[in-house]
Amino acid sequence: MFRRILAPKLIVAALAATIAFHPSGPGFAAEGNRIVIAIQKFKFVAPDQKIKPGDTIVWVNKDFVPHTATAKDRSWDSGSIAPNGQWELVVSEGLSQAYFCIFHPSMTGRVDLRNN
């Protein structure tokens, strides 16, 4: 009987403590921006972007065939993005890279870290 009463109370207390401790304020990074790059008519629309750590880049495939978003040095790769599919990359420090589609190498773009 003791365990049945105590266990739910401990679970509730643990959840309450977790919810109450949500980091914010000085010293905690705010969420970055979402940058959407459409893939349409066999090109990246708005292919060159200025980014900062914490931003999320979203490639959205609006074509009828699969595409990729692949770093020129292959340090990151979306894999095949199906028609009507998307892929997200969270920007980390040092990410500045030309990218292309493996299936259609003439499709290119670039992401560069901005200074501010």
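**Exercise A: loop residues**

Find out whether Ala 46 is buried, exposed or partly exposed, and then place it in the chain.

*Solution.* Begin with the accessible area: Ala 46 has a relative value of 39% and is therefore partly exposed. Here, buried means under 20% relative accessible area, exposed means over 50%, and partly exposed lies in between, with a 1.4 Å probe and protein chains only. Before going on, note that this is a predicted model, where local features need pLDDT of at least 70 and side-chain atom pairs count only at pLDDT 80 or more, while totals for chains, interfaces and linings use all residues. Residues are numbered from 1 along each chain as its sequence is written, and side-chain values use heavy atoms, with hydrogens and water left out.

Next, find the place of Ala 46: the loop between β2 and β3 (48-51). Strands (E, at least two residues) and helices (H or I, at least four) are DSSP runs, numbered from the N terminus. Last, look at the backbone: the phi of Ala 46 is positive, about 60°, although this residue is not a glycine.

Now try the same steps on Arg 74: where does it lie? Arg 74 sits in the loop between β5 (70-71) and β6. Its phi is near 65°, again a positive value in a residue other than glycine. With a relative accessible area of 54%, Arg 74 counts as exposed.

**Exercise B: the overall layout**

Describe how many helices and strands the protein has, and in what pattern they follow each other.

*Solution.* Count the elements: there is one helix, and there are eight strands. Then read along the sequence, which gives α-β-β-β-β-β-β-β-β. To finish, check the cover: 32% of the 116 residues count as buried.

**Exercise C: the open sheet**

Work out the strand order of the four-stranded open sheet and name its edge strands.

*Solution.* The order is β2-β1-β4-β6, and the pairing is mixed. Two strands pair if DSSP finds at least two bridges between them. The edges are β2 (43-45) and β6; each has a single partner strand, so one side of each has no neighbour in the sheet.

Now take the pairs one by one. β1 and β4 run parallel and are joined by six bridges, while β4 and β6 are antiparallel, with five bridges. Individual partners can be traced too: Val 36 stands opposite Val 58 in β4, and Val 58 stands opposite Glu 88 in β6.

**Exercise D: strand β4 and the core**

Decide which way the residues of β4 point, and then see how Trp 59 fits into the largest nonpolar core.

*Solution.* A rule of thumb helps here: in a regular strand the side chains alternate between the two faces of the sheet. In β4, Thr 56, Val 58 and Val 60 point one way, and Ile 57, Trp 59 and Asn 61 the other. Six of the six residues of β4 are buried.

Turn to the core, meaning a set of buried Ala, Val, Leu, Ile, Met, Phe, Trp, Tyr and Cys residues joined through side-chain atoms within 4.5 Å. It has 19 residues, and Phe 44, Trp 59 and Trp 76 touch the most other members. At least two core residues come from each of β1 (34-40), β4 (56-61) and β6 (86-90). β1 gives the most, with three.

Finally, list partners of Trp 59. Leaving aside neighbours within four places in sequence, its contacts include Ile 37, Phe 44, Trp 76, Trp 87 and Tyr 99; contact means heavy atoms within 4.5 Å. Trp 87 is also the bridge partner of Trp 59 in β6.

**Exercise E: charged pairs**

Find the salt bridges and say what the one between Arg 34 and Glu 88 ties together.

*Solution.* Apply the rule: a side-chain nitrogen of Lys or Arg lies within 4 Å of a carboxyl oxygen of Asp or Glu. This gives three salt bridges.

- Arg 34 and Glu 88 have their closest N and O atoms 2.9 Å apart. Arg 34 is in β1 and Glu 88 in β6, so this pair ties together parts 54 residues apart in sequence. Arg 34 is exposed at 52%, whereas Glu 88 is partly exposed at 37%.
- Lys 52 and Asp 55 have their closest N and O atoms 3.7 Å apart. Lys 52 is partly exposed at 25% relative accessibility, but Asp 55, at 0%, is buried.
- Asp 112 and Arg 110 meet at 3.0 Å, N to O, and Arg 110 is partly exposed at 34%.
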